Amino acid sequence: MKALSVRQPFAFLIVSGAKPVENRVWGTHYRGPLLIHAGLDYHAMTFADIEQRFRVAINPCDLQLGGLIGIADLVDVVWRSSSIWFTGPRGWLLENPRRFEFLPYRGQQGMFDVPDELIKSRL
């Protein structure tokens, strides 16, 4: 199964359903289930800035690092969007997000593969 590393708190916001767009400088032709991997680092924006800009609440206790935390369906990649989450240059549109029990796993840059049997019991 395909996976994408995202820095916290944005990884959590994706799987909790608050963030339907993930911004990337690159696109992909892939469409379908996409595991969300929480990277080892936090995003450079402060939690306070994220909460104010995007009108969300972040509980640091919800943020795990260095593993798979959920899945969403990648349905499109766009150059423009009216979503407050879109900052470009490309927006990966995500639907049907769902969290699952944290699974420690080493992430990678770009989209990467995770063995299906490793996550089958969590889906």
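Visitor: Which strand do five bridges join to β1, the two running parallel?
Guide: This is a predicted model, where local features need pLDDT of at least 70 and side-chain atom pairs 80 or more, while totals for chains, interfaces and linings use all residues. Residues are numbered from 1 along each chain as its sequence is written, and side-chain values use heavy atoms, leaving out hydrogens and water. Strands count as paired once DSSP finds at least two bridges between them. Here five bridges link β1 to a parallel partner at residues 32-42, and that partner is β3.

Visitor: Which residue in β3 stands opposite Val6?
Guide: β1 covers residues 2-8, and β3 spans residues 32-42. Facing Val6 from β3 is Ala38.

Visitor: In which sense do β3 and β4 pair?
Guide: β4 takes in residues 67-78, and Gly32 has Leu74 of β4 standing opposite. β3 and β4 share seven bridges, and their sense is antiparallel.

Visitor: How many helices and strands does the secondary structure of the protein chain come to?
Guide: Both are DSSP runs numbered from the N terminus: helices are H or I over at least four residues, strands are E over at least two. Going along the sequence, you'd read β-α-β-β-α-β-β-β-α. That comes to three helices and six strands.

Visitor: What box do the C-alpha atoms of the protein chain fill?
Guide: Picture the chain lined up along its principal axes. The box filled by the C-alpha atoms is then roughly 40 × 35 × 25 Å.

Visitor: What share of the 123 residues do buried residues make up?
Guide: Buried here is under 20% relative accessible area, exposed is over 50%, and partly exposed falls in between (1.4 Å probe, protein chains only). Out of 123 residues in the protein chain, the buried share is 42%.

Visitor: How many salt bridges does the structure hold?
Guide: To count, a side-chain nitrogen of Lys or Arg has to sit within 4 Å of a carboxyl oxygen of Asp or Glu. Asp113 and Lys2 make one of these pairs, and Asp73 and Arg98 make another. In total, the structure holds five.

Visitor: How many residues apart are Asp113 and Lys2?
Guide: The closest N and O atoms of this salt bridge are 2.9 Å apart. Lys2 is partly exposed, at 28% relative accessible area. Asp113 belongs to β6 (residues 111-113) and Lys2 to β1, so the pair links distant parts of the chain. In residues, the gap is 111.

Visitor: Is Arg24 buried or exposed?
Guide: Arg24 forms a salt bridge with Glu22, their closest N and O atoms lying 2.8 Å apart. Glu22 has a relative accessible area of 7%, so Glu22 is buried. Arg24 comes in at 16%, and because the cut-off is under 20%, Arg24 counts as buried.

Visitor: Which strand does Arg98 lie in?
Guide: Asp73 and Arg98 form a salt bridge with closest N and O atoms 3.7 Å apart. The pair ties together parts 25 residues apart in sequence, because Asp73 sits in β4 while Arg98 lies in a strand of residues 90-104. Arg98 is partly exposed, with a relative accessible area of 30%. The strand that holds Arg98 is β5.

Visitor: Which residues do salt bridges that share partners join into one network?
Guide: We've already met one pair here, since Glu22 and Arg24 are bridged to each other. Shared partners make one network out of Glu22, Arg24 and Lys19.
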